[in-house]
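Subject: Two-chain model for you

Hello,

Here is the model I promised to pass on. Please open it first, then read my notes below.

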Amino acid sequence: MAASAGVAAAVLLGLWLKVEEARAPQDPPPVALGQPVDLGRVELTPLSLALAPPEQQGEPARLLMQVRLLNLTGESQTAVFGFPPHPPELASGGVVWPEPEVTLDRDGEMLAQLHPRLAERVTLAWQLPPDWRPGPVSLTFHRQIFKLRDNLYGMSNWLLFQPTARMTMLPEGAP
Amino acid sequence: MIWLGRIAIVLAGAALLGGMMQTAPDYNSVVQPFRHHVAAGRTGEARSFRARFTGLRLADRIAFRRYGRDLVRDSDGVFLIAEIEAEATLASQRLDAVWQGASGRRYALSRRAEDIPRGLESRWFQPGLSNRAVAVFELPADEVAGGALVLTGSFTAVFDSALHLAPPALPERRPIIRFEP
């Protein structure tokens, strides 16, 4: 009897929480340049967002975001933006752009890993879609949830992603 | 009075269960490699290989040649170059290395130094044939002293051996180290 009441109460509570969540969908908090964002494995600080000319003749122009990345975990990370990778999601006019290329500012090589306590400056580069009209863009940052003991094996695990912050701004160099 | 007895039994059960949950070792601490600590200069014996930490160098930058291009890598930290001598004892195999820093943080082989001459990630070790290899790590300078080189026979090494090799005496930090083919 008591167990049935407990299960029923848990189901009702869960349902009520879901209804509350659906009634008032929470937008991730806004962030600005220079404000650090916790993505789970790394802390990302956006430093600049600017339009840039194409890398080579015949290619589209690019949108570049410079960020500072710091590994917050106790081991080197190859999945800097989590797994599967969730780099900052750039959207303009409601359209989400493909994932950016991430290169080290230090030597222009692709970012392959990030070591603890060694912050790196990197550039995220998106190619501008041909039909893009200059205007504000929004960047959504996702945080991956870490559980020290997951529900399956009791092992530490990286689980779901949640939007944790959003930055809306007009890129530098936009008319 | 009967009710009091039942409540006491439930409370005692809950306390026992809580105690077991708190004291039971978690998955991560149970599913681990078996550690063997090896003093500086000594040869460590793992289940499927033996290895010795033969040399340690520190540099601000490293230089090497890859695919016909001369590359120079710099860092906000320091490059630690560990030289090892190892041989397999059961079958041909590769080795993986991690630098466990003074703080306990674990630094993987630097992917920015991939394909250096004699690099550990491309080396195979054969039974009965001693072979030398170089492992390059990128880490903050204060993680070097008090750290150890951890060698494993596979990339997970769960329930397998892990050699924790103490480093030889720390050398002077050099501005650049060039890896010759």
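How many positive and negative side chains does chain A have, and how far apart do the centres of the two sets lie? Chain A carries 13 positive and 18 negative side chains, with the two centres 8 Å apart. Chain B has 23 positive and 19 negative charges, and their mean positions are 2 Å apart. Please keep in mind that this is a predicted model.

Chain A

The secondary structure here is one helix and nine strands. The helix comes at the start of the pattern, which reads α-β-β-β-β-β-β-β-β-β along the sequence. The radius of gyration of chain A is 20 Å, while a compact globule of 175 residues would have one near 16 Å. The C-alpha trace of chain A spans about 75 × 40 × 25 Å along its principal axes.

Some totals for chain A follow. Buried residues are 39% of the 175. The accessible surface is about 10,300 Å², and carbon and sulfur atoms hold 58% of that. For contacts in chain A between residues at least 6 apart in sequence, 63% join residues at least 24 apart.

Chain B

Chain B has two helices and ten strands. Its elements run α-α-β-β-β-β-β-β-β-β-β-β from the N terminus. Chain B is more spread out than a compact globule, because its radius of gyration is 23 Å and the globule rule gives 16 Å for 181 residues. Along the principal axes, the C-alpha trace of chain B covers about 85 × 40 × 30 Å.

The totals for chain B: 40% of its 181 residues are buried. About 10,000 Å² is exposed, with 57% supplied by carbon and sulfur atoms. Of the contacts in chain B with a separation of 6 or more, 75% are between residues 24 or more positions apart.

One such pairing is worth a look. Val38(B) sits in strand β1, residues 34-38 of chain B. Its C-alpha atom is 5.9 Å from that of His164(B), although the two residues are 126 apart along the chain. Beyond its neighbours up to four places away in sequence, Val38(B) touches Thr43(B), Gly44(B), Leu163(B), His164(B), Leu165(B) and Ala166(B). Is Val38(B) buried or exposed? The relative accessible area of Val38(B) is 11%, so the residue counts as buried, the cut-off being under 20%.

The interface

Now to where the chains meet. The size of an interface is often given as the accessible area lost when the parts come together. Between chain A and chain B, about 1,900 Å² is buried, and carbon and sulfur atoms give 45% of it. On the chain A side, Arg106(A), Arg117(A) and Leu118(A) lose the most area to chain B. Together these three make up 31% of what that side buries. In residue terms, 23 residues of chain A are in contact with 25 of chain B.

Which residues does Ser110(B) contact, leaving aside neighbours within four places in sequence? From chain A there are Gln113(A) and His115(A). From chain B there are Phe79(B), Val136(B), Phe137(B) and Glu138(B). Ser110(B) lies in the loop between β6 (106-108) and β7 (131-139) of chain B. Ser110(B) counts as buried because its relative accessibility is 5%.

Over to you.

Best wishes

Conventions:
Residues are numbered from 1 along each chain as its sequence is written. Chains are lettered from A and ligands numbered from 1 in the order in which they are written. This is a predicted model: local features need pLDDT of at least 70, side-chain atom pairs count only at pLDDT 80 or more; totals for chains, interfaces and linings use all residues. Side-chain values use heavy atoms; hydrogens and water are left out. Helices (H or I, at least four residues) and strands (E, at least two) are DSSP runs, numbered from the N terminus. The radius of gyration is taken over C-alpha atoms; the globule rule is 2.2 Å times the number of residues to the power 0.38. Buried means under 20% relative accessible area, exposed over 50%, partly exposed in between (1.4 Å probe, protein chains only). Contact means heavy atoms within 4.5 Å. Accessible areas come from the Shrake-Rupley method with a 1.4 Å probe; for residues, only the protein chains shown count as cover. Lys and Arg count as positive and Asp and Glu as negative; His and the chain ends are not counted. The place of a charge is taken as NZ of Lys, CZ of Arg, CG of Asp or CD of Glu. Buried area is the accessible area (1.4 Å probe) that two parts lose on being put together, summed over both.
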